[in-house]
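Here's a walk through a two-chain model, strand by strand and helix by helix. Pull it up in your viewer and follow along.

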Amino acid sequence: MNNIIDVKNVTFEYTGGERIKTVIRDFDISFARGSFTVILGHNGSGKSTLAKLLNGLYKPAVGDVFVDGINTKDEKNEIEIKRRVGMVFQNPDNQLLASIVEDDVAFGPENLGIEPEKIRERVDNALKTVDMYDYRKKSPHHLSGGQKQRIAIAGIIAMEPECIVLDEPTAMLDPKGRKEIIDTIERLNREKGITIILITHFMEEAQNADRVIVMDNGKIVADDIPANIFKNAEMLKSVGLDVPQTTDLLIRLNNSGLAVDTNAISIEEAAEKIATALHSEGI
Amino acid sequence: MLNDITFGQYFETSSIIHKLDARIKMILLILQIVFIFLANNLISLSVAFGFVLLIILLSKVPLRMYLKNLKAILPIILFTAIINLFYGNEGRELFSFWKITVTSGGVINSIFLTARIVLLIIISSVLTYTTTPNDLTDAIERLLSPLRFLGLKNAVHTLAMMMTIALRFIPTLVEETQKIMNAQKARGVDFENGKLKERINALIPILIPLLISSVRRAYELAEAMECRCYNGAEGRKRMKQFKIRYYDILSALISVVFCLGIIFVNFVTG
């Protein structure tokens with residue numbers, strides 16, 4: 001089994017009184033072990049609902065979601081599924097429940113009924129992984145948003161999941177906090193081999209992903225490597241997303257007659273591409 | 001480190017009392033209170049005073065902190081003292097006014113009761129000054145844990161979890177209240193002026209947003225807890241195991257000696 005999560009033919013709807021709102025339609029997708037996938041979509045595209053379907057927080061109305069081969073509808077394996085697929089939410093304040101950092105990180109492993117010494121070990125390791133070990137005795141109240149979100153991630157790592165789903169973890173953070181979180185996530189994927197599914201509407205966060213999925217209206221609009229996604233400016237604009245500034249610049253330059261390769265995401269890459277183009281034009 | 005604790009009375013010093021196990025401290029507190037109330041003559045009361053003084057010194061918390069607590073409940077102490085003057089008709093009559101008679105027995109009674117209340121407040125303050133709210137919550141959960149034999153395991157766990165979450169969210173909600181107040185002030189709500197009724201009405205635009213956001217927080221927190229495999233007390237093990245160390249035993253022994261001392265003095269002099 002190479003896939004950690006398989007979503008098979010899933011439809012999910014909210015019923016509010018008379019009205020039924022379908023948020024996920026005929027969804028089919030698999031996430032490979034150890035991969036780093038970014039799911040992009042504007043508000044209301046169904047991306048948060050998809051996140052909650054992935055670890056059984058929501059159960060599909062039609063179709064099935066399998067985590068490591070276990071159906072999320074299987075009530076007996078509820079804990080097993082949540083242990084394998086951890087979830088980090090948008091607001092760090094509403095995920096932390098203890099007044100001391102290390103107690104909070106210990107919450108997950110404590111629920112799993114692990115031996116106290118082993119819990120201590122996991123908590124220390126998790127805090128070191130997110131680079132917050134020095135803050136273990138502090139109260140979350142005194143930390144910055146980015147630091148609190150790292151504690152929330154540590155709380156998930158301490159359960160030793162195979163996959164972490166992050167539902168807009170940077171939406172409430174300042175640029176510095178956002179960078180801390182993205183760096184942490186990328187490191188978890190690279191060094192610990194944890195499968196990452198990052199849901200976001202910040203395009204820049206997708207640049208180092210293996211795969212980008214664009215969602216709109218409960219459906220997959222595109223599923224490709226980042227470079228190919230960013231090239232497709234019309235498609236991104238049609239689903240209400242903005243092209244990264246660098247790509248936007250390159251496309252504009254191209255349209256106004258400069259033969260520049262638009263396949264660049266980071267600022268350095270873009271600068272290089274422009275320099276090459278200018279050079280070949282003889283400027 | 002003082003600003004790390006935003007709730008409760010915790011006062012950080014490096015005293016031996018701070019290091020004691022919170023459960024031990026709680027049990028000893030109850031024991032000491034009982035025996036302070038058993039002290040029934042001047043000598044045993046002085047023994048109790050001496051003992052409490054010793055604890056104050058050991059706690060390294062400045063005396064003014066304790067006096068601050070006493071000051072806060074001064075009206076209650078005075079009220080009890082005055083009421084007790086009129087009780088009891090032993091001893092010789094000091095003066096009599098209308099239907100009220102004050103006897104020497106009443107005066108002594110009143111002094112004793114006041115002294116006991118003062119000691120009670122001080123010794124309870126020792127617990128709250130030297131123990132963090134988190135340790136107190138943990139201690140309560142563990143002390144109540146024998147109730148699980150009555151089928152109340154989940155009730156005890158739920159109570160402790162509620163206290164933990166409450167402690168965690170107090171600063172967050174205080175901050176949020178401040179934000180809402182500022183937002184409403186910016187919209188022209190006046191909290192400081194006006195009649196009482198107007199000022200109470202001005203609180204409504206604070207309370208309603210606060211309530212709505214608390215419900216939302218509760219909902220999100222519940223989902224986050226579910227994602228972290230929370231299943232009530234079922235199969236849960238704690239990371240921090242309380243260990244009884246030599247100074248815990250020592251403090252328990254000293255307290256027992258104190259209690260026996262009170263009984264002994266009562267017996268010899270009574």
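Let's start in chain A with an open sheet of four strands, ordered S2-S1-S4-S5 and paired antiparallel. Its edges are strand S2 (19–32) and strand S5 (70–71) of chain A, each of which pairs on one side only. Strands S1 (residues 3–16) and S4 (residues 62–67) of chain A pair in the antiparallel sense over five bridges. One of the matched pairs is Thr11(A) with its bridge partner Val62(A) in S4(A).

A few ground rules before going on. This is a predicted model, where local features need pLDDT of at least 70 and side-chain atom pairs count only at pLDDT 80 or more, while totals for chains, interfaces and linings use all residues. Residues are numbered from 1 along each chain as its sequence is written, and chains are lettered from A and ligands numbered from 1 in the order in which they are written. Helices (H or I, at least four residues) and strands (E, at least two) are DSSP runs numbered from the N terminus, and two strands pair if DSSP finds at least two bridges between them.

**The six-stranded sheet of chain A**

Chain A also has an open sheet of six strands, in the order S6-S7-S8-S3-S9-S10, and here the pairing is mixed. Strand S6 (85–88) and strand S10 (219–224) of chain A are the edge strands, pairing on one side only. Neighbouring strands are turned by 20° against each other on average, direction ignored; the axes behind such angles are lines fitted to C-alpha atoms, for helices over the stretch in contact, and angles run from 0 to 180 degrees between N-to-C directions.

Strand S3 (residues 36–40) of chain A pairs in the parallel sense with strand S9 (residues 211–216) of chain A over four bridges. With strand S8 (residues 195–200) of chain A, S3(A) pairs in the parallel sense over five bridges. Here are some residue matches along S3(A):

| Residue in S3(A) | Partner | Partner strand |
|---|---|---|
| Phe36(A) | Ile196(A) | S8(A) |
| Val38(A) | Val212(A) | S9(A) |
| Ile39(A) | Ile213(A) | S9(A) |

How many of the residues of S3(A) are buried? Five of its five are, where buried means 20 or more other C-beta atoms within 10 Å of a residue's own, exposed means 12 or fewer, and partly exposed is in between, with C-beta atoms placed from the backbone. In a regular strand the side chains alternate between the two faces of the sheet. In S3(A), Phe36(A), Val38(A) and Leu40(A) are buried on one side, and Thr37(A) and Ile39(A) on the other.

Helix H1 (residues 47–54) of chain A is mostly covered too, with six of its eight residues buried. Those are Lys47(A), Thr49(A), Leu50(A), Ala51(A), Leu53(A) and Leu54(A). Just after H1(A), Gly56(A) takes a positive phi of about 80°.

**Two unusual backbones**

Asn217(A) isn't a glycine, yet has a positive phi of about 55°. Asn217(A) sits in the loop between S9 and S10 of chain A, and counts as partly exposed because it has 15 C-beta neighbours inside 10 Å. Over in chain B, Lys60(B), also a residue other than glycine, has a positive phi near 60°. Lys60(B) lies in the loop between helix H3 (42–59) and helix H4 (63–72) of chain B, and its 16 C-beta neighbours inside 10 Å make it partly exposed.

**Helix packing in chain B**

The axes of helix H5 (residues 74–85) and helix H6 (residues 104–130) of chain B come within 8 Å and cross at roughly 155°. So H5(B) is roughly antiparallel to H6(B) (under 35 degrees is roughly parallel, over 145 roughly antiparallel, 65 to 115 roughly perpendicular, and the rest oblique). Residues making the contact include Ile77(B) and Leu85(B) of H5(B) and Leu113(B) and Ile117(B) of H6(B); residues are in contact if their C-beta atoms, placed from the backbone, lie within 7 Å.

**Where the chains meet**

27 residues of chain B are in contact with 36 residues of chain A. On the chain B side, helix H8 (153–186) and helix H9 (196–227) are the elements giving two or more residues. H9(B) supplies the largest share, eight residues.

Notes
Contact = placed C-beta atoms within 7 Å.
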